[in-house]
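Please look over the structure below before reading on; the points that follow take up one strand with its partners and then two loop residues.

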Amino acid sequence: MAETLPINSDSGTDEEEEEVEPKFKYQRIGNDLRNILNTDVVTCSAVHSKFLIFGTFLGRVYLLDHKGNSVESNLSSGDRHTHSVAVNHIDVDPKGEYVATCSDDGSFKITGLFSCENNQNLNYGKNIKAVALDPEVKSGGRRLIVGDDKLTLYERNLIKKLKPSVLSTAEGSVLSICWQGNFVAWASHLGVRVYDLSEKCSLGLMKWEVPPQARLENFRCHLRWSNANTLLIGWVDTIRICVIRRRNTIEASSSNLPGYVVDPVSTFPTTFYICGLAPLVANQLVVLGYRKERSATYKALRPVLCVIEYKMNTCEDVCTDSLTLRGFEEYTVNDYSLGCIIEENRYFIVAPKDIVVASLIERDDRVEWLIEHNKFEEAMEICKHGGSLPLLSVARLYINHLLTLKQYDKAAEICHRELGNNKALWEEEVFKFVKCQQLRCISAHLPTTDDCKLDPHVYEMVLYEFLKFDVNGFLNLIKKWPPKLYDGLAVINAIYDHFRKSNAKELLESLALLYCYQGDYESALRMYLRLKNEDVFELIRRFELYDVISKLIIPLIELDQKRAFEILLDKNKIKPAVVVNQLEQNQEYLYRYLDELDKIDRSGTFHQKLVGLYAKYDRSKLLPFLRRSNDYAIQEALAICKRESFHPEMVYLLGRMGSVVEALNIIIHSIKDIEMAIEFCKEHNDDDLWNILIEESTKQPEIVTKVLDGIVDYVNPVLVVSKIKLGQTIPNLHQSVVKMLWHYNIEQEVNTIAHQIQLADQFDTHAEVVAIQRRGHQVSYDKVCPKCTRSVIVKGTAPPNGLTIFNCGHIYHNNCVIENRCDECLDWESLVEEGGSQ
């Protein structure tokens with residue numbers, strides 16, 4: 001049974017760093033493998049897509065499936081398929097039918113796993129470190145390459161015997177071999193060569209740097225073909241990427257060089273010794289490494305599996321995992337190896353007492369790791385592209401995590417982004433915020449449309465929390481949320497229960513809005529008026545609340561008189577009697593209202609009230625008002641003016657009432673304006689008034705001349721002069737008398753001229769009338785005498801005794817005329833008079 005290993009990602013240092021998302025998940029192979037390793041150790045291995053083969057220190061070769069279970073094959077049939085000492089290298093043909101092994105016992109073997117037909121067992125008598133089977137699928141194990149102190153190709157002949165052909169000699173010995181197509185890469189004590197089997201020549205030597213205080217042959221050279229022409233080399237602590245390319249025309253024509261050349265495209269060092277390498281994706285390698293450092297007790301550290309991204313002669317670590325393998329403290333660099341199944345992205349880390357499989361982490365594994373490490377955003381992004389774990393499940397875990405960290409705003413954003421229109425999930429998540437008293441954070445994200453409307457209780461809980469902790473936020477929600485989301489009356493009651501004077505403004509505005517939503521506009525208006533919020537006027541117009549405002553007129557005027565009067569003066573919206581009745585409580589507002597109303601309404605309904613209001617608030621408008629209006633009680637107006645001692649107004653009212661003498665006395669004694677008195681007498685032209693004025697003037701010599709100047713054309717000045725006492729000094733009397741005489745002289749001349757003009761006009765008019773009357777008149781034959789009803793003239797005869805023609809147009813025979821008048825017109829006039837009397 002496979003055992004899952006924990007993932008430890010680090011950079012090989014003791015400093016604490018942020019954990020990087022792993023590329024791989026690890027499973028230790030168990031089952032039969034565990035029993036085998038209890039008595040033996042692994043020295044080499046080969047990985048096939050169908051199975052795993054490994055050789056041991058005791059010279060045994062085992063075939064297992066990828067889970068560590070033994071597979072029955074020719075390898076398990078007896079000792080003849082084993083070596084006498086440790087197995088150095090194993091290779092398997094592509095079809096998985098043959099396996100080649102070699103050992104320090106000087107032998108190499110080709111063994112059919114399930115057939116013994118082509119089995120071979122050859123003994124060189126020399127240490128053999130590497131062997132390779134033909135990678136061609138059709139080969140069927142007919143060719144292999146063996147490396148000792150030279151590189152030898154073996155091919156089966158017709159009698160199925162292996163015929164050797166030496167390809168190349170080696171400096172020291174052949175350390176490793178890797179075969180791909182026509183190219184064989186192999187390493188010796190100097191470096192790495194690539195042999196071209198088709199041209200039967202070497203493509204050159206890539207020398208390798210000798211490590212300090214060590215020998216190159218003491219390190220395994222790890223060769224791997226990532227594709228048909230790309231070779232990966234990992235040796236000591238250096239990696240080289242080589243491309244086998246055909247020479248261009250210029251290179252090929254210069255000399256007798258091979259047709260192909262090995263081109264190193266990237267070479268870079270590592271911080272550890274290399275135990276194996278394999279391709280991952282483009283420009284990325286998987287490398288098994290042995291750390292150069294030692295523990296405090298001089299033991300080996302855990303090996304690492306790195307993903308390296310390479311560029312031109314540089315590299316970058318993508319991730320590094322430290323592996324806890326059994327007995328790692330005692331192992332050396334050559335004890336480890338790395339096998340792989342490239343197509344499946346599976347990598348086998350082989351140690352003497354342990355084999356671990358590293359698989360590219362799958363989607364669900366990635367999500368699980370990200371969740372464990374609180375990287376929920378990345379986990380959710382992966383879930384969007386599939387996987388067994390639902391996105392919503394991850395999102396809810398993320399929300400719980402954020403709430404634990406008290407990142408309430410972020411948690412609310414995740415709810416908004418991921419819960420969509422799922423009502424049940426919304427309500428469930430909201431109650432998590434209730435426990436934290438953080439409903440305010442999620443309020444802006446709650447669904448409020450018909451597509452997803454939560455239970456009213458949810459919205460009410462949010463509002464209650466805002467009411468308790470954030471009154472401004474409460475008001476904003478009342479403005480923003482549709483009122484159908486919650487029970488408005490319940491929220492109104494909550495406001496009254498939690499009313500605080502310090503937040504009165506916001507709470508009153510909230511009440512106004514809620515009352516509007518409930519249709520209780522009168523209460524809403526009262527709230528706005530308490531706030532002195534001018535939105536009340538817009539509310540009145542929008543909902544036509546003219547009946548509602550009848551009891552709120554004074555507060556409206558106090559808020560904005562101009563806008564209030566715009567509404568109140570519209571008689572179609574609110575009757576003036578209603579306004580006046582309310583404004584009786586505030587006489588100044590009543591005055592302003594009636595004054596404005598009088599400009600647009602001439603009915604005079606409230607003129608009586610205006611008399612007193614003008615007398616109290618603006619006397620300058622009183623007298624013009626009294627003059628133009630007839631819709632007030634004069635006696636009451638007079639009483640008001642007497643009370644206020646408004647003498648000019650009293651004079652006018654007394655004049656209208658006919659009490660002109662009293663009015664004149666007020667002018668003379670109270671107003672003391674002689675010019676006004678004179679004008680008043682002229683206006684009424686009453687002899688008694690003039691006599692009173694003259695009597696008063698004689699008592700005051702200084703006004704006599706003013707009276708003399710003013711009475712011209714109205715009163716005989718002799719009356720004034722005759723009342724002047726002898727010896728009385730009258731200022732400017734001489735000038736006044738001269739002026740008076742001059743005026744009378746001019747008046748006499750004017751009268752004379754006017755009389756002459758009148759006489760001349762009269763005579764001219766008389767002459768014209770006489771001329772008209774003497775003028776002849778045309779009489780037609782159809783005219784009839786009104787008296788005798790006969791034609792006035794007959795053709796061929798002269799009218800008897802002549803005709804009389806009146807100016808009215810009627811024509812009579814002279815014999816028919818009585819008293820020289822038109823009887824026809826007289827009869828008509830009498831009929832008219834009779835009809836009028838009836």
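**Notes on a strand and two loop residues**

1. Phe54 stands opposite Tyr62 in strand 6, and this strand, residues 61–64, is joined to strand 5 by 4 bridges in an antiparallel run (strands being DSSP runs of E of at least two residues, and helices runs of H or I of at least four, numbered from the N terminus; strands pair if DSSP finds at least two bridges between them). The hairpin formed by strand 5 and strand 6 has 4 residues between them, and Gly59 in the turn has a positive phi of about 90 degrees.

2. The model is predicted, so local features need pLDDT of at least 70 and side-chain atom pairs pLDDT 80 or more, while totals for chains, interfaces and linings use all residues. Residues are numbered from 1 along each chain as its sequence is written, and side-chain values use heavy atoms, without hydrogens and water.

3. Strand 5 also pairs with strand 4 (residues 42–47), in the antiparallel sense over 5 bridges, and Val47 has Leu52 as its bridge partner.

4. Because 5 of the 5 residues of strand 5 (residues 52–56) are buried, it is largely enclosed by the rest of the structure (buried means under 20% relative accessible area, exposed over 50%, partly exposed in between, with a 1.4 Å probe and protein chains only). Leu52, Phe54 and Thr56 point one way, Ile53 and Gly55 the other.

5. Leu454, in the loop between helix 8 (439–443) and helix 9 (456–469), is buried at a relative accessible area of 2%.

6. Ser188, in the loop between strand 16 (183–187) and strand 17 (191–196), is likewise buried, at 1% relative accessibility.
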